[in-house]
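Got the viewer open? Let's walk through this one a selection at a time, starting with one residue and zooming out from there.

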Amino acid sequence: MELGSVMVKSAIINSDYLLSFPVELPVPGKETVHLGQRVEAGDVIAESILPARFQVFDVLNQFRLKESELEACIKRLAGEDVQRGDVIAKKAGLISRFFRAPDDGKVVAVRDGRVTLAMGEKTIQARTPIAGTVGEIIPGLGAVIVARGFSMRGAWGNGKTAAGTLLMLETGKESNLAQVKDMIVFLDGVTALADLKSLQDHGAAGILVSSLDPSAKAALEQFYIPLMSLLGFGEAVLDQLSRTTLEELRNSLVTLVARKADPYRDVRPELFQPHETAKTAELFTKPESTLIGRTARLLGQPYFGSVGKIVELPQKAERTASGIRSQIAVIEREDETIIRVPLENLEILNS
Amino acid sequence: MTSSYLSIDISSQNTRGWLFDDQSGSFEMIAHTSAPTVLGSDQGLITAIDKVSRELETKTGMNLLSSARRFQVETDRNIPGLRGVGLTMSIGKPIRVVLVGISEKYSLEPLRRLARFYNTEIVLEISLQNEPNISVQLEKLTSTAFDLLILAGGVDGGPEKALRAVISNLRLLVQLRGGASRPQIVYIGNQSLADYAKMEIEAGEDLHIGGNIQPESGREDLSFASKALLAAICRLRLKEFPELQELSEQPNVNLLPGEFARARIDHWLEQTQTNNKGVLQIHLEPDHAHAVAIRDGKRMGVWQNCRVDEETVTEVLVQSDQPIERATVAAYLANRELHPGFVPVSIEEMSMEIAWMGVRIQRLLSEMAALYDDFHYDGRFGLMGDFEPILLSGSNFERLSSARYSFMVAQDGILPHGITTLVGDDYNVITPLGALAEFDSLLVTQIVDSDVFSGLATVINVDSPVAAGQKVLQLEVDEGYGEAREHYQVYQAELKRFETVPGNALRVYLAPEPESDVGMGLRGLGGWLNASVSDLGLVVDARGRPCFLPVDEHARQEVRRDWLWNLGA
């Protein structure tokens, strides 16, 4: 029986999890860390120093020269540093013509009668938003930072990361807004866009929600603070185990790695707490090698977000109400009802 | 001696393997298998390749992959064994592309067509006519993150000054980037500057020189750039998945993008058929869609990555045949992106899934029409050109529960005109054939002839200006049982199906009304038509272009359900 699609996905809640976080420059540069190096949040992992601007001067055409006259005309060679006002090329004559460096810089090329100057410097840096160890160097671009700790994986993130103290907030209470500054705020239920904006405006470091309103997706992607949904979009109820876990993390320092999900690479946004803590570790047993008996969270309506135990894995594929044949799992839900769910429509809750 | 060929296709969700041999005297597909593709670990793709190879070994008893993970290719033709391996990929991040050309119309437009065939994202375009400032060009190039640059050099012997300046800039860019993160550069066009570009840029194997895509004034042939672009794309993919490097360097192993392999077979099909029509292929995967249209030897194609926006939600809602709230559709589509393997379970979910697939095809073909003037498609009026067969492939089609769903998705998405045949590539065999074609030309011919494709339906699309409910066509159906012939009428806004019985093709006389066009060349012109045996048989689509649909939402959904019902429960 093919269980691959479920088995390859990491569990939602992991007490001992190795977070891999690539930190990369948008344009090639040079990595500034080495393999195995310990880094803190905010450390520079790679940087690219680019000329702030270029000037290409076509000596041949601008000075109307013959090719044979070119060599005598160009006064600087490729690689030479130049100061503002330095003569780069000169055409002698009754009234001499000059091409002077418009700023401090360097002659980077002299080819085909054209002189290219690079002036000024602009530095682009890639900083790690999480503390950890350099686990892999990405040549010319950055590194993969790894950190071990507790992780609760989400479904959707807006691509941002921040750290702060976890605050459990009741929705709709104006008085709560005073507490949110620099906090990672958790809100249960489907949170309205206006409430999320209000939290952002009041200085929250990041926002964690059970579910999001799908009609606001485009606006949510534009949030400048990290935003992560545990279940995804639409009506859904967060399971008790996830709630208890969040309660355990209340008032402790967490990192909201609200990176964008890539389901094909099993990359998900996550709420992360570096270092294994006693109170989270004891919640979970050792990883199981079989799916039977494990707690699964269900995708799709009408059970979206609810959990149950896998009690049976029939060998044969079954036809669902839609007509599609699929390998299924028999699930015993918390209310003791038994349902049959395609394997692809469930996620293993804990490791 | 028996010759065997192995092909492995890696897509985001599944890795598939096929084994062909000619033991029976002609080539046959003797086994196929699939395994989930696992990314995120160093050996991810190798694990999937290993798994499908082992499964094929178990099924056939052949040795395909050694313990050192080398394909067991037998080069001695006197010994039976594996002669070649095709490795295709439809996986990886979109390749960020910069296009540089002399003019918008004659350089950038063809370059867009060239690049968009593959999984690319155009991040910068420089028209040398609009941006003659060399300094600004250089600044744009150095501050843009990209993987591939395609430079069109214009006509042979054409203007050189601006091009030489760009080439000098590229030299500088290559030096600034350094070896490890150097982009791939493809130079096409003006052949008098090709050697200059090679010497000046000094990018070694990262520079690829192609022919001129406009060999004569007014004639465009993108195939002249194919080889160079293909080489650049393969290098980029091997950089992204270095674990494949060793396998791909083995002799008789052919690495290709899956979309290129498919187009190669579509091209071959178009060349070998005698109906003077084009070939269209729609390939749907959870994360992307790809269309290839071949017409008069010209290849058109476009890759589209999946995206869900508010417009998608509206379109899916309009095309769904169930009463579903907008919020439900929005949540389903948003979550579907996050869980591409999700199986629609309920009738409502299936309705949204089917509607979404149709919408994706419409968007794909609209994008192709925007790129190619010769491809006439409009989301409301459908596909104007003659294409037969229309091939349907990819895991989205593969997992649909019945032929009528595949038919409705394709028919609603494409809205073809005239007479055509819809064909399902159930084993997704077009991709491996494209990858193996150059090893043995008989392989493709014999596999295609071996009924490996499943006929979905022969479709007569009736185009008539009359109102809904009026007669548009009369059919005389000869089911092959002696003299008896059945007569049927088809009315505007109807979808009617005539089953075929295995082993017995339908012979049908079409007698259209004077104002009806059934694809026989003129309005009112009819004639005999043979409909081969297929899953659905012969379908007459007189739903109109655009389809006649009630304004009322519930009535519209009911009509859609009726159409599906007419295809058989």
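Select B:Ile167 to begin: this residue counts as buried because 24 C-beta neighbours sit inside 10 Å of it, and the cut-off for buried is 20 or more. Bear in mind as you click around that this is a predicted model.

Now colour the helix around that residue. B:Ile167 belongs to helix H4 of chain B, which covers residues 161–177.

Which residues is B:Ile167 in contact with, leaving aside its neighbours within four places in sequence? Add B:Tyr196, B:Ala197, B:Glu200 and B:Ile201 to your selection, and you have them. While you're there, draw a distance between the C-alpha atoms of B:Ile167 and B:Leu193: you should get 9.5 Å, for two residues 26 apart along the chain.

Next, zoom out to chain B and colour by domain. Domain 1 runs over 3–92, domain 2 over 95–240 and domain 3 over 462–569. Put a marker at the C-alpha centres of domain 1 and domain 3 of chain B, and the gap between them is 44 Å.

Last stop: the place where the two chains touch. Here 47 residues of chain A are in contact with 43 residues of chain B. On the chain A side, elements that give two or more residues include helix H1 (4–7), strand E9 (105–111), strand E10 (114–119) and helix H5 (217–221). Pick out strand E5 (53–58) of chain A as well, since E5(A) gives the most to that side, with 4 residues. Colour the chain A side by residue type and you'll find 24 nonpolar, 14 polar and 9 charged residues.

Conventions:
Residues numbered from 1 in each chain as written. Chains lettered and ligands numbered in written order. Predicted model: local features only at pLDDT ≥ 70, side-chain atom pairs only at ≥ 80, totals over all residues. Buried ≥ 20, exposed ≤ 12 C-beta atoms within 10 Å, placed from the backbone. Contact = placed C-beta atoms within 7 Å. Nonpolar A, V, L, I, M, F, W, Y, C, P; charged D, E, K, R; others polar. Domains from an automatic or database assignment.
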